[in-house]
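I am opening a fresh notebook page for this structure. Come along while I look things up one at a time.

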Amino acid sequence: MFLVRRTGAALLGRVKETTGIVGLDVVPNAREVLISLYEKTLHEIKAVPEDENYRKAVETFTRNRLNVCLAEKDSDQIERRISYGQVEELIEEAQDELHLISKMIEWDPWDVPEDYECKVIENDRPIPKHVP
């Protein structure tokens, strides 16, 4: 799943032994993994039309997080600046976003025909079971 590279981190200071989250292993080279995932995300999202809000949102937060990872060498500093959990959680989230991008491209939700009409329910009738 992850390319784990051994480093001299143990000689330099604290080494994270656990994430404290069941099923979520420590990723010693989390910064490098995140940089790779964020770069891939920015590449993959280009398949979504430029004017779509989904693309704009993904590009904005991914660039922000990539810039933090490029500026900081220490995982603790990355976690502190992004403020969205541990680096291992950020890795999972980035992988999930990549999966979602491929699904969004497959589903093509922005390609709605001009003449498409949606039924609007304006009374108190029960909503059909097939409507989410």
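Which residues of the largest nonpolar core touch the most other members? I went to this core before anything else, keeping in mind that the model is predicted. The core has 18 residues, and L34, L37, Y38, C69, I78, L90 and I91 are the ones that touch the most other members. I then checked which helices feed it: α2 (30–44), α3, α4 (75–82) and α5 (87–107) each supply at least two residues. Helix α2 gives the most, with seven residues. Apart from this core I found another one of seven residues, including I45, V48, Y54 and W110.

**Entry: the chain as a whole**

I stepped back to see what the chain is built from. I counted five helices and zero strands, so my note for the order of elements from the N terminus reads α-α-α-α-α. The chain has 132 residues, of which 30% count as buried. I also looked up how far along the sequence the contacts reach. Among contacts between residues at least 6 apart in sequence, 64% join residues at least 24 apart. For the surface, I noted about 10000 Å² exposed, with carbon and sulfur atoms supplying 51% of it.

**Entry: how confident the prediction is**

I looked up the confidence next. The mean pLDDT of the chain is 86, and 83% of the residues reach 70 or more. Residues 4–11 are a stretch to read with this in mind: their pLDDT is below 50, and beyond near neighbours in sequence the stretch has seven contacts in the model.

**Entry: helix α2**

Since α2 gives the most to the largest core, I gave this helix an entry of its own. Does its end-to-end distance agree or disagree with the expected span? The 15 residues of α2 should span 21 Å at 1.5 Å a residue, and the end C-alpha atoms are 21 Å apart, so the two agree.

I listed its buried residues too: A30, R31, V33, L34, I35, L37, Y38, T41 and L42. An α-helix has 3.6 residues a turn, so residues three or four places apart point the same way. What covers the buried residues of α2? The cover includes α3, α4 and α5.

**Entry: two neighbours in helix α3**

I picked T62, which lies in helix α3 (residues 53–71). Is T62 buried or exposed? T62 has a relative accessible area of 1%, so it is buried. Leaving aside neighbours within four places in sequence, T62 is in contact with Y38, T41 and L42. I had already met these three among the buried residues of α2.

I then looked at F61, also found in α3. F61 has 32% relative accessibility, so it counts as partly exposed. I checked its distance to Y38 as well: F61 and Y38 are 23 residues apart in sequence, and their C-alpha atoms are 9.7 Å apart in space.

**Entry: salt bridges**

How many salt bridges does the structure hold? The structure holds six of them, and I looked up three in detail.

- K16 and E88: their side chains meet at 2.7 Å, N to O. This pair links distant parts of the chain, with K16 in the loop between α1 (9–12) and α2, and E88 in helix α5, 72 residues apart. K16 is partly exposed, at a relative accessible area of 23%, whereas E88 is buried, at 2%.
- E93 and R65: their side chains meet at 2.3 Å, N to O. This pair also links distant parts of the chain, from E93 in α5 to R65 in α3, 28 residues apart. E93 is partly exposed, with a relative accessible area of 24%, and R65 is buried, with 10%.
- R81 and E72: their side chains meet at 3.0 Å, N to O. R81 counts as partly exposed at 46% relative accessibility. E72 has a relative accessible area of 18%, and the cut-off for buried is under 20%, so I wrote it down as buried.

My last look-up was about shared partners: salt bridges that share partners join K16, E79 and E88 into one network.

Methods
Residues numbered from 1 in each chain as written. Predicted model: local features only at pLDDT ≥ 70, side-chain atom pairs only at ≥ 80, totals over all residues. Heavy atoms only, no water. Helix = DSSP H or I, 4+ residues; strand = E, 2+ residues; numbered from the N terminus. Buried < 20%, exposed > 50% of the residue type's maximum accessible area, 1.4 Å probe, protein only. Contact = heavy atoms within 4.5 Å. Core = buried A, V, L, I, M, F, W, Y, C linked by side-chain atoms within 4.5 Å. pLDDT = per-residue confidence, 0-100. Areas by Shrake-Rupley, 256 points an atom, 1.4 Å probe, with all protein chains shown as cover. Expected span 1.5 Å × (residues − 1). Salt bridge = Lys/Arg side-chain N within 4 Å of Asp/Glu carboxyl O.
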